[in-house]
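Hello,

Here is the structure I promised to pass on to you. Please have a look at it first, and then read my notes below.

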2 protein chains.
Amino acid sequence: MTTSPHDAGAPSARTIVNRYRHLAHYDRPTIDAILDAMPVAHIAYLHEGQPIVTPTLQWREGDRVYWHGANNGRMMRATEGADVCLTVSILDGLVLARSAFNFNVNHRSVMVFGKAEAVTDREEKVRLLTRLINSFAPNQWDKLRPATAPEINATAILSLKIGEASAKVRSGPPEDNEGDYAHPVWAGVLPIRLTVGAAEPDPRNLPGVAAPDLSGYRIG
Amino acid sequence: MTTSPHDAGAPSARTIVNRYRHLAHYDRPTIDAILDAMPVAHIAYLHEGQPIVTPTLQWREGDRVYWHGANNGRMMRATEGADVCLTVSILDGLVLARSAFNFNVNHRSVMVFGKAEAVTDREEKVRLLTRLINSFAPNQWDKLRPATAPEINATAILSLKIGEASAKVRSGPPEDNEGDYAHPVWAGVLPIRLTVGAAEPDPRNLPGVAAPDLSGYRIG
Ligand SMILES: Cc1cc2nc3c(=O)[nH]c(=O)nc-3n(C[C@H](O)[C@H](O)[C@H](O)COP(=O)(O)OP(=O)(O)OC[C@H]3O[C@@H](n4cnc5c(N)ncnc54)[C@H](O)[C@@H]3O)c2cc1C
Ligand SMILES: Cc1cc2nc3c(=O)[nH]c(=O)nc-3n(C[C@H](O)[C@H](O)[C@H](O)COP(=O)(O)OP(=O)(O)OC[C@H]3O[C@@H](n4cnc5c(N)ncnc54)[C@H](O)[C@@H]3O)c2cc1C
Ligand code: HEM
Ligand code: HEM
């Protein structure tokens, strides 16, 4: 493996980006911004020798990413204490080039490697779940029917230190071979983004309940 | 493991959905519609004992999903001939319930398990890459600077039979505990979707090149 200036910041051998390495970033502001923009992660783990990837919500606090699920669920059992890879990706556009080979997508993505650790302290679990709820709707936790002890017990929270992590980011027009710019075909980007629609009240809402302020919610 | 009516269609033991099993679907029209709506897949595989998940474009033809990458790239080397799990997920909304425990997301997702097989026939590779390009921009392949033999040789295509697959689909308002409907808090759905913006021409486009018809492109 050759090293390039781009490898300089890689925190470990397995996080060195080999392909399209000019798209690599290892700095925490870049990594954190991607994690914070996209709550959906895909977590890879081994179960009975089989690699599995499960879509799961993640949320970040400081140096850690968190996810939650059923205490006795397969994904949570298989990831606790195990080596996992947590990947977050955002598709920003299709990149139409002058040659098929240089088609690409604009994207932001992060991979985090490490051992998943369980959050076992009950108050810490409640604190983290409160943050999860309130990250979608500010102050919503306090308005809800209070969580019960059996509900908290049924819920597992796992976390991963953002230690071994890498990001790849691509934006802008295609990068064609210099000679191909003379080829008379349209090239450019078809931008894609996630948009948040107007809140849809549950038909069973009680009359007069006040809608939470969801106008600040951003994704992608 | 108990069986429910929902397990009836599961093609194998490892594709039986255990959690929220009322969301499970095993029929091909449901699975195919999700795969066709979302080109981004996340593929889990083992590399030197470590589970990894890599975001990658997938496209479907009949009973197979395909993905492509560098012939000598780590992801393509590690997945060829290996047991993989290919997951496609679409986030359709945040579901705000009356209790924290019943918060959820509306989503559509598919998991496919199996051994990845390489497409080795050169003409078949070109045919599949043509489909990939034209799935984004109709008839674009023929307008491009023609692909060269070294480019095709540098490209690997792998595929997976859609044999062992499952889907989970959630839509609609929250499902709260019956007693919680009397709790006076707003509940409902914040819809989220992918939108396609106006095409952004490359500043280096030659004067007069005709923009492809991208108006039909849908995602999500
Ligand atoms: C939306 C989207 C679509 C993509 N579609 C394709 C496709 O169709 N074909 C294709 O070949 N590739 C695609 N990629 C890029 C893909 O994720 C990999 O980066 C690429 O395939 C190289 O994989 P590798 O294992 O050979 O990389 P290597 O460079 O050998 O991986 C080494 C290390 O680099 C880091 N790394 C690799 N990929 C990423 C990443 N995406 N984000 C953050 N860190 C990373 C990890 O730390 C990894 O351990 C896509 C990416 C995104 C986000
Ligand atoms: C956008 C999104 C966000 C999610 N967020 C969370 C979260 O924060 N916490 C959480 O616990 N779960 C979340 N899920 C659900 C998650 O993907 C799993 O379905 C769930 O965690 C149960 O995992 P398990 O391994 O215990 O499932 P099991 O039911 O034991 O898995 C058994 C089999 O069911 C099938 N299966 C399981 N999950 C899926 C799936 N998503 N799609 C298709 N087939 C599937 C597979 O064939 C799998 O082998 C989310 C799903 C999506 C799409
Ligand atoms: C914004 C807040 C939350 C969201 C969006 C959310 C979303 C989800 C999703 C999508 C699942 C997977 C369901 C499935 O398998 O299809 C899940 C599972 C679960 N969640 Fe949450 N959740 C949230 C908050 C909470 C809180 C606060 C608790 C605990 C009080 C909790 C407890 C659980 C448990 C126990 C499961 C596993 C259910 C099972 O598999 O039987 N969640 N959550
Ligand atoms: C719609 C069409 C296509 C899209 C959107 C697309 C997208 C991508 C993306 C996102 C990557 C990963 C780049 C990275 O690692 O950051 C990639 C890699 C690659 N693509 Fe494509 N591609 C397309 C068509 C093609 C075609 C037609 C060919 C061959 C003629 C091709 C050959 C390759 C090769 C060889 C790589 C690996 C590059 C490397 O890692 O060095 N692609 N493609």
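Let me start with ligand 2, which has 25 residues around it, the closest being A:Pro55, A:His68, B:Arg14, B:Asn18 and B:Ser109; a residue counts as near a molecule or strand if one of its heavy atoms lies within 4 Å of it. Because the residues that surround ligand 2 come from chains A and B, the site is shared between chains.

Before I go on, a word on conventions: this is a predicted model, in which local features need pLDDT of at least 70 and side-chain atom pairs count only at pLDDT 80 or more, while totals for chains, interfaces and linings use all residues. Residues are numbered from 1 along each chain as its sequence is written, chains are lettered from A and ligands numbered from 1 in the order in which they are written, and side-chain values use heavy atoms, with hydrogens and water left out.

Back to ligand 2 and its polar contacts (pairs of N or O atoms within 3.5 Å; within protein, one must be able to donate a hydrogen and the other to accept it, and residues adjacent in sequence count only if both atoms are side-chain atoms). From chain A, a backbone N or O atom of A:Leu57 sits 3.2 Å from an oxygen atom of the ligand. From chain B, a polar side-chain atom of B:Ser166 is 2.8 Å from an oxygen atom of ligand 2, and a side-chain N or O atom of B:Lys168 is 2.8 Å from an oxygen atom of ligand 2. The protein buries 94% of the 870 Å² that ligand 2 exposes when taken alone (accessible areas by the Shrake-Rupley method with a 1.4 Å probe; for residues, only the protein chains shown count as cover).

Which element gives the most to the shell around ligand 2? That is E7(B), with five residues; helices (H or I, at least four residues) and strands (E, at least two) are DSSP runs, numbered from the N terminus. Elements that each supply at least two residues include strand E3 (50-57) and helix H2 (74-79) of chain A, and strand E10 (164-170) of chain B.

Now for the iron atoms. A:His68 (NE2), at 2.1 Å, is the only protein donor of the iron atom of ligand 3, and this histidine belongs to strand E5 of chain A. The iron atom of ligand 4 likewise has a single donor from the protein, B:His68 (NE2), 2.1 Å away. Donors here are N, O and S atoms within 2.8 Å of the metal (3.2 Å for Na, K and Ca); water is not among the atoms, so sites may look incomplete.

Ligand 4 lies between chains A and B. Polar side-chain atoms of A:Lys168 and A:Arg19 each lie 2.9 Å from an oxygen atom of ligand 4. H3(B) brings the largest share of the shell around ligand 4, four residues.

Finally, how do the chains relate? A turn of 180 degrees and a shift of 0.0 Å along the axis lay chain A on chain B with an RMSD of 0.0 Å (least squares on the C-alpha atoms of residues with pLDDT of at least 70 in both). The two copies are thus related as by a two-fold rotation axis. In chain A, A:Leu194 comes closest to that axis, at 2.2 Å (C-alpha).

Best wishes
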